[in-house]
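This report is written for a reader who wants to follow a protein model from its overall make-up down to single residues. Please keep the sequence and the structure at hand while reading.

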Amino acid sequence: DQLLHSSFELGNKVPFCPMVGSEVCSSEIKKTEVLMENSRRAIGLRIKETKEVYEGEVTELTPCETENPMGGYGKTISHVIIGLKTGKGTKQLKLDPSIYDSLQKERVEAGDVIYIEANSGAVKRQGQCDTFATEFDLEAEEYVPLPKGDVHKKNEIIQDITLHDLDIANARPQGGQDILSMMGQLMKPKRTEITDKLRAEINKVVNRYIDQGVAELVPGVLFVDEVHMLDIECFTYLKLLLPCRSTCVVTGCVTENRVCVI
């Protein structure tokens, strides 16, 4: 109950990592490695990214067909014409046929409010425009207001991850050195060992992004239950983490065999 209450009080924006002291003793890996891994689970990173998007109510959705270049009697989609409307104006777009597949998966129809990322072509249906709302008290459809501003705009996207997420991502074959490339590696196989050298390289990248204002460090909470299972080596290692810029701060609050690392 105390654990759940602590997590609830912090909110979902603060990283919260519970662990049990017996994990350190029973694990096959080194004690310090267990503590380091859990500590990095309790350190968040808030990444701010500006994306160009097209957002508005769909006024037109017309797939344009052409003869199949591979031959045969069937036709193929050459491009898609879509019209978007906001409170400030309208815009007609000519889209790649691959985006039409995304529109179909999202079940986009005229009257829906959607946004399309300019770089990736990702489509998200937000709901039906509230101008189509009926007088029924209960409906399955979700209605959203007509977007304000221009159809083409720049939105700031905020993503919350932990340093351990970056450790896992970077322990796989890499496609780039920036944070977003590291995140993209999460779905790839062939994981390698997470070493101190690898973590040091990740810390350099993280610190550079923090200095540039692209990312913000979010200190979290490492909640250790059964603290009496920790030995002097564990407490010494936790103390070594204190001076680090990107690690938790230990308050040393011990009650009922529990220690709270913040």
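The text below turns from the whole chain to the packing of helices and then to individual positions.

## The chain as a whole

The model is predicted, and local features are described where pLDDT is at least 70. The protein has eight helices together with 12 strands. Of its 262 residues, 38% count as buried, and the accessible surface of the protein comes to about 15,700 Å², with 51% of that area belonging to carbon and sulfur atoms. When contacts are taken between residues at least 6 apart in sequence, 60% of them join residues at least 24 apart.

## Three helices that meet one another

Two packed helices are described by the angle between their axes and the distance between the axes. The table gives these values for the pairs formed by helices 3, 5 and 7.

| Helix pair | Angle between axes | Axis distance |
|---|---|---|
| Helix 3 (residues 31-41) and helix 7 (residues 196-211) | about 20° | 13 Å |
| Helix 5 and helix 7 | roughly 120° | within 10 Å |
| Helix 3 and helix 5 | about 115° | 6 Å |

Helix 3 and helix 7 pack at an angle of about 20°, which means that helix 3 is roughly parallel to helix 7. The crossing in which helix 3 passes helix 7 is left-handed. On the side of helix 3 the contact involves Glu33, Met36, Glu37 and Arg40, and these meet Arg199, Ile202 and Asn203 in helix 7. By character, the residues of this contact between helix 3 and helix 7 divide into four charged, two nonpolar and one polar.

The axes of helix 5 and helix 7 cross at roughly 120°, and helix 5 is therefore oblique to helix 7. This crossing of helix 5 and helix 7 is right-handed. Here Leu163, Leu166, Asp167 and Asn170 in helix 5 meet Leu198, Arg199, Ile202, Asn203 and Val206 in helix 7. In the contact of helix 5 with helix 7, five residues are nonpolar, two are polar and two are charged.

Where helix 3 packs with helix 5, Glu37, Arg40 and Arg41 in helix 3 meet Leu163, His164 and Asp167 in helix 5. The residues of the contact of helix 3 with helix 5 divide into four charged, one polar and one nonpolar.

Several residues recur in these lists. Arg40 of helix 3 takes part in the contact with helix 7 and in the contact with helix 5, while Asp167 of helix 5 meets helix 7 and also meets helix 3.

How far are these helices covered? Helix 3 is largely enclosed by the rest of the structure, because eight of its 11 residues are buried; the buried residues are Thr32, Glu33, Val34, Leu35, Met36, Asn38, Ser39 and Arg40. Helix 5 (residues 163-170) is mostly covered, with seven of its eight residues buried, namely Leu163, His164, Leu166, Asp167, Ile168, Ala169 and Asn170.

## Three single positions

Leu84 has its place in strand 3 (residues 75-85), and with a relative accessible area of 0% this residue is buried. The C-alpha atoms of Leu84 and Glu55 are separated by 7.0 Å, although the two residues are 29 residues apart along the chain. Leaving aside neighbours within four places in sequence, Leu84 is in contact with a set of residues including Tyr54, Glu55, Val58, Leu93, Ile114 and Val151.

Pro145 lies in the loop between strand 7 (143-144) and strand 8 (152-162). Its relative accessibility is 56%, so Pro145 counts as exposed. Not counting residues up to four places away in sequence, Pro145 touches Val113 and Asp130. From C-alpha to C-alpha, Pro145 and Gln128 are 8.4 Å apart in space, with a separation of 17 residues in sequence.

Arg107 is found in the loop between helix 4 (97-105) and strand 5 (112-117), and its relative accessibility of 69% makes Arg107 count as exposed. Most residues other than glycine have a negative phi. Arg107 has a positive phi of about 55° although it is not a glycine.

Key
Residues numbered from 1 in each chain as written. Predicted model: local features only at pLDDT ≥ 70, side-chain atom pairs only at ≥ 80, totals over all residues. Heavy atoms only, no water. Axes fitted to C-alpha atoms, helices over the stretch in contact; angles between N-to-C directions. Helix = DSSP H or I, 4+ residues; strand = E, 2+ residues; numbered from the N terminus. Parallel < 35°, antiparallel > 145°, perpendicular 65-115°, else oblique. Left-handed = near helix turned anticlockwise from the far one by under 90°. Contact = heavy atoms within 4.5 Å. Nonpolar A, V, L, I, M, F, W, Y, C, P; charged D, E, K, R; others polar. Buried < 20%, exposed > 50% of the residue type's maximum accessible area, 1.4 Å probe, protein only. Areas by Shrake-Rupley, 256 points an atom, 1.4 Å probe, with all protein chains shown as cover.
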